[in-house]
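Biologist: Could you take me through one part of this model in detail? I'd like the loop residue that sits by the ligand, and then whatever you need to show me around it.

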Amino acid sequence: MSWPYVVGVTGGIGSGKSTVCAEFERLGVVVIDADEVAREVVLPGSQGLAAIVAEFGAGILNPMGSLDRSALRRVVFADPARRESLEKILHPLIRTRIREQVSRVLSPYCLLAIPLLVEKGNYDQVNRILVVDCPVATQISRVMARDNLTLQEAEAIIRSQATREQRLNKADEIIVNVADIESVKSQVERLHADYLAHAANLQTSL
Ligand code: ADP
């Protein structure tokens, strides 16, 4: 069985990860979204949700029986041991599901979007790291507009994430998203050609 080359995409909130991923998708590249996988593993009826209820009680369910994320956040917020229990339940499920999705990819490479890749340090799932970068002031104005946040809210989220320098230190490639979408498109097209070449090299060296 051939295994695709996996490019991890990361970047701070509002840097333009979704915008970049959409451009790769337009070129036919499969994008796996780690946040989406994290939501799927706790859907009603899932093994993940059952394990969370067993650990934290039915109080973390809302009346319709789905996960009440804010109730769960309140339970784990100030308690590192409980947060660790939650991560012990979720991480193996998320990893397995990501591996399943990667194994179904038919193209030579795929993207795995992991917003908190640098914060969590789970680099073993990716062959390369692509960082989407822009100045903090640009992140702030984009997320205030997109998510209807105040300046203080936007700044607080950015402060809770890795710094630009920490992320750029881990980057194999960088997309600089400071101009228009055309500039993103041309950077994506260039990288797409590079990744196809990397993936081909990897296949021949196996
Ligand atoms: P992320 O996924 O990293 O949080 P998004 O891709 O959602 O970021 O981008 C944040 C917001 O900024 C979105 O509303 C998006 O449409 C907008 N945006 C991103 N890049 C550009 C750009 N180069 N020009 C104009 N708007 C952009």
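Modeller: Asn177 sits in the loop between β5 (173-176) and α10 (181-205). Bear in mind that this is a predicted model. Asn177 is one of the closest residues to the ligand, along with Lys17, Ser18, Thr19 and Arg146. With a relative accessible area of 5%, Asn177 counts as buried, because the cut-off for that is under 20%. Its side chain has a polar atom 2.9 Å from the backbone oxygen of Ser15. If you skip the neighbours within four places in sequence, Asn177 is in contact with Ser15, Gly16, Val132, Asp133, Cys134, Arg142 and Val184.

Now the ligand itself. In total, 14 residues surround it. By type, the shell has three nonpolar, seven polar and four charged residues. Take a few polar contacts one by one. A polar backbone atom of Gly16 is 3.0 Å from an oxygen atom of the ligand. For Lys17 the side chain does the work of reaching over: one of its polar atoms lies 2.8 Å from a ligand oxygen. Ala179 has a backbone N or O atom 2.9 Å from a nitrogen atom of the ligand. On its own the ligand has 560 Å² of accessible area, and the protein covers 73% of that. Two elements give two or more residues to the shell, α1 (17-26) and α7 (136-147). Of these, α1 gives the most, with three residues.

Go back from Asn177 into the strand before its loop, and you are in β5. Side chains alternate along this strand: Glu173 and Ile175 point to one face and are buried, whereas Ile174 and Val176 point to the other and are not. Next to β5 runs β4 (residues 128-133), parallel to it and joined by four bridges. Two of the pairings are easy to find on the model. Val132 has Ile175 as its bridge partner in β5, and Asp133 has Val176. Val132 and Asp133 also turned up among the contacts of Asn177, which ties the loop to this strand.

What about β4 as a whole? Six of its six residues are buried, so the strand is largely enclosed by the rest of the structure. Both faces are covered: Arg128, Leu130 and Val132 are buried on one side, and Ile129, Val131 and Asp133 on the other. β4 also pairs with β1, again in the parallel sense and over four bridges. There, Val9 of β1 has Leu130 as its bridge partner in β4.

Follow the chain on from β1 (5-10) and you come to Gly11, in the loop between that strand and α1. Gly11 is buried, at a relative accessible area of 1%. Apart from neighbours within four places in sequence, Gly11 is in contact with Lys17, Pro115, Val132 and Arg167. Two of those names should ring a bell: Lys17 has the polar side-chain atom by the ligand oxygen, and Val132 is also a contact of Asn177. For a longer reach in sequence, look at Gly11 and Thr163, which are 152 residues apart along the chain but 9.7 Å apart in space, C-alpha to C-alpha.

On the other side of the Asn177 loop is helix α10, and His192 is a residue worth a look there. His192 is buried too, with a relative accessible area of 17%. Leaving out neighbours within four places in sequence, it is in contact with Phe24, Leu27, Val29 and Tyr109.

One last stop, the end of α7, a helix that gives residues to the ligand shell. Asn148 is in the loop between α7 and α8 (151-160). Unlike buried Asn177, Asn148 counts as exposed, at 72% relative accessibility. Its backbone is worth checking on screen as well: phi is near 60 degrees, a positive value in a residue other than glycine. Most residues other than glycine have a negative phi.

Key. Residues numbered from 1 in each chain as written. Predicted model: local features only at pLDDT ≥ 70, side-chain atom pairs only at ≥ 80, totals over all residues. Heavy atoms only, no water. Near = heavy atom within 4 Å. Polar contact = N/O pair within 3.5 Å; in protein donor to acceptor, adjacent residues only side chain to side chain. Areas by Shrake-Rupley, 256 points an atom, 1.4 Å probe, with all protein chains shown as cover. Nonpolar A, V, L, I, M, F, W, Y, C, P; charged D, E, K, R; others polar. Buried < 20%, exposed > 50% of the residue type's maximum accessible area, 1.4 Å probe, protein only. Contact = heavy atoms within 4.5 Å. Pairing = 2+ DSSP bridges.
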